[in-house]
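Work through the exercises below with the structure in view. Each task is followed by a solution in steps.

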Amino acid sequence: MKKTWKFGVAAGMAAIVLTGCGDEAAPVEEQDVETPAEPPTEVAEAEFPVTLVDAVGDEVVIEEQPESFVSMIPSNTEIAYELGLGEKMVGVSDFDNYPEEVADIEKIGGQEFNVEKIISLQPDVVLAHESGLGMGKEGLQQLRDAGLNVFVVENAESFEEVYETISVIGQASGAVEEADALVEEMEMQVAEIEEMAAGVEESKSVFVEIGSEPELYTAGSGTFIDEMLTIIQAENVAGDQQGWISMDPEAVVAANPDIIITTEGSYVENAVEQIKERSGYADITAVKEDAVYDLDSDTVTRSGPRLTEGLMTLAELIYPETFGE
């Protein structure tokens, strides 16, 4: 029997899991009673064929549990590896850099991907992404015409949408139980950080610089970075604007943030020092108090499992008195 799944599957039983944890039970007197047999534990099993509706509205039918995948974007790859699918990965994008095992996987190109290479790898499922439709729509159709299962993953712009992405990749791969467990773990981590942030007594203002050439770029509302700042009780100085936006350096000076975060350290030499030495920045509180920090961009912008790591690191940088060791 064919089973049809939809996006938005409810995932996250963190509260129930935590309820089962408590203090060690008090000792009781031994009694000569018969112990009833424990009921069998139900395990979420993969069911195939499975039909999934992807980001372009196509119904993708996966007849059998896939044994090989091509991932066309790093976030899909990170999710797949976290679900235990690393050994099934036969191709990844040129931009993939995590986990380190991807260095040994066949590369299929970047935004302009190599259609012939992907076809030659004969994957059971190609995990494409909505963000690549602008340049890759024709190439994806060529993959479909070659008989490959192409599933276009929806673009995620919030933690909840990432949870949905994890769930649907779990359904497509047969790693349903692993996906549920990963979502629950992430939900618990976010809840724990949010609980700690409730103890913040004075909110700090933050400017997050995600690009500096040819213009300054930052993250406004509707981005992971803005959601993270909200979770930890910090104020995004660009939070009144939507999406990824350019910002005049003079506007940054006028905003006078308590903290400046740059995500350019991995590819811009001395990124922190360059910010401190920028014209007019000497009077900014963050610069005067030496509160300019570098943060791995992938952990705060890539829609995958490491977002909770980025959230914690951001919290530690902004509120070391609350989140520090």
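A crossing is left-handed if the near helix is turned anticlockwise from the far one by less than a right angle, and right-handed if clockwise. Helices are DSSP runs of H or I with at least four residues, numbered from the N terminus. This is a predicted model, in which local features need pLDDT of at least 70 and side-chain atom pairs count only at pLDDT 80 or more, while totals for chains, interfaces and linings use all residues. Residues are numbered from 1 along each chain as its sequence is written, and side-chain values use heavy atoms, without hydrogens and water.

**Exercise 1.** Compare the span of helix 5 with the expected one.

Solution. The expected span is 1.5 Å times one less than the number of residues. Helix 5 (residues 159-173) has 15 residues, so 21 Å is expected. Its end C-alpha atoms are 21 Å apart, which agrees.

**Exercise 2.** Find how many residues of helix 5 are buried.

Solution. Buried means under 20% relative accessible area, exposed over 50%, partly exposed in between (1.4 Å probe, protein chains only). In helix 5, 12 of the 15 residues are buried, among them F159, V162 and Y163.

**Exercise 3.** Describe how helix 5 and helix 6 cross.

Solution. Axes are lines fitted to C-alpha atoms over the stretch in contact, with angles from 0 to 180 degrees between N-to-C directions. The axes of helix 5 and helix 6 (residues 176-197) come within 7 Å and cross at roughly 165 degrees. Angles under 35 degrees count as roughly parallel, over 145 as roughly antiparallel, 65 to 115 as roughly perpendicular and the rest as oblique. The two helices are therefore roughly antiparallel. Their crossing is right-handed. Contact (heavy atoms within 4.5 Å) involves residues including I166 of helix 5 and L182 of helix 6.
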